[in-house]
Amino acid sequence: MANALAIAMPGAAMLGLIRFGSPLPSSWQAEQIDRLTPTEHARLARIQRPLRRDQFLVGHSVLRRLLNSARFDDVTIDVETDGRLRLAASTPAYASIAHSADAGAVIVAREPVGVDIESIRTLRDARAAAALMGMPATAANDSASVLRAWVAAEARLKAGRRALADVWYAVWEGCHLAAAGVATPPLTGVFDLITGTYNPVELQWEAV
């Protein structure tokens, strides 16, 4: 795995993006399942939809690679009954995973953090989404604006009340992306699922 994105400054967050094909190669799936902790196994066992299982395995594979690249030592990954991630480590460690169809995003940091990713193809009812967020009805005419607001709100929610209020927004391969809880945009790279390489990418982040 490339180490080009190893954290260079204290407190920086690391973000991994990925595209994958479903179904995943069976040998790769087996390898990832062997690495899961008991609570990850329990969570995976409750997932019935094949695509959702693939998303889970991809997300947790990227999470492990990010933790390694970000030099988090002796981290134990647990999944609570409500699906939330909990990392036990010798130093503070936080993570968030998001997925949308064949796209995934994972962020790790030393402070509470959240991430969300959505493809324009997944927005079935822009009017309902706009109303849910308190946006005017006319906002539904601009689905990109609705998705921008949606991912920002979801990322902030995942980061939690203890997190910094900062939210960053970017577009990647037709997906709307938001990272919350970090004062500066995360160091970002794109994973290759099979080779494990992690290649830096420059996104145009905007403060929300």
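These legends go with a set of close-up views of one predicted model.

**View 1. A cis peptide bond sits between S22 and P23.**
Start with the backbone here, and look at the link from S22 to P23: the bond is cis, with omega near 5°. As a rule, most peptide bonds are trans. Where is P23 found? P23 belongs to the loop between β1 (14-19) and α1 (26-35).

**View 2. R71 has a positive phi without being a glycine.**
Most residues other than glycine have a negative phi. R71 goes the other way, with a phi of about 65°. To find R71, go to the loop between α3 (50-69) and β2 (76-79). Is R71 buried or exposed? R71 is exposed, because its relative accessible area is 57% and the cut-off for exposed is over 50%.

**View 3. E173 is another residue with a positive phi, and it takes part in a salt-bridge network.**
E173 isn't a glycine either, yet its phi is near 50°. Its place is the loop between β7 (167-172) and β8 (175-180). Now check out the company E173 keeps: salt bridges with shared partners join R19, D102 and E173 into one network.

**View 4. A salt bridge ties helix α2 to helix α3.**
How many salt bridges does the structure hold? There are nine, and this view picks out the one between the side chains of E40 and R64, with N to O at 2.6 Å. The pair links distant parts of the chain: E40 is in helix α2 (residues 38-45) and R64 is in helix α3, 24 residues apart. The two partners have their own surroundings, too. E40 is buried, with a relative accessible area of 0%, while R64 is partly exposed at 22%.

**View 5. K158 and D116 join helix α5 to strand β6.**
Here the side chains of K158 and D116 meet in a salt bridge, 3.6 Å from N to O. Follow the chain from one to the other and you'll see that they are 42 residues apart, with K158 in helix α5 (residues 143-159) and D116 in strand β6 (residues 114-119). Which of these two is buried? That's D116, which counts as buried because its relative accessible area is 4% and the cut-off is under 20%. K158 is partly exposed, with a value of 29%.

**View 6. Four strands make an open, antiparallel sheet.**
Read across the sheet and the order is β6-β8-β7-β11. Which strands are at the edges? They are β6 and β11 (206-207), each of which pairs on one side only. Zoom in on β7 and β11, and you'll find two bridges between them, in the antiparallel sense. Y169 stands opposite E206 in β11. Helix α5 packs on this sheet, touching β6, β7, β8 and β11, and its direction makes about 155° with that of β6. A handy thing to remember while tracing strands: in a regular strand, side chains alternate between the two faces of the sheet.

**View 7. The largest pocket holds about 840 Å³ of space.**
This pocket is lined by 32 residues, and those closest to its centre are G83, R84, L85, A95 and S96. R84 also forms a salt bridge with D82, their closest N and O atoms being 3.5 Å apart. R84 is partly exposed, with a relative accessible area of 47%. Which elements give two or more residues to the lining? They are α3, β3 (85-88), β4 (94-100), β6 and α5. The largest share, six residues, comes from β4.

**View 8. Strand β4 pairs with β5.**
Stay with β4 for a last look. Five of its seven residues are buried, so β4 is largely enclosed by the rest of the structure. How many bridges join β4 to strand β5 (residues 103-109)? Seven bridges do the job, and the two strands run antiparallel. For one pairing to spot, try Y94, whose bridge partner in β5 is A109. The two strands form a hairpin with two residues between them, and in this hairpin A101 takes a positive phi near 55°.

Key. Residues are numbered from 1 along each chain as its sequence is written. This is a predicted model: local features need pLDDT of at least 70, side-chain atom pairs count only at pLDDT 80 or more; totals for chains, interfaces and linings use all residues. Side-chain values use heavy atoms; hydrogens and water are left out. Buried means under 20% relative accessible area, exposed over 50%, partly exposed in between (1.4 Å probe, protein chains only). A salt bridge is a side-chain nitrogen of Lys or Arg within 4 Å of a carboxyl oxygen of Asp or Glu. Two strands pair if DSSP finds at least two bridges between them. Contact means heavy atoms within 4.5 Å. Axes are lines fitted to C-alpha atoms, for helices over the stretch in contact, and angles run from 0 to 180 degrees between N-to-C directions. On a 1 Å grid over the protein atoms alone, a cavity is a set of points where a 1.4 Å probe fits but cannot get out, and a pocket is an open set with protein on both sides within 12 Å along at least five of seven lines; lining residues have an atom within 4 Å of a point. Grid points are joined across faces, edges and corners, and a volume is the space filled by probe spheres set on the points.
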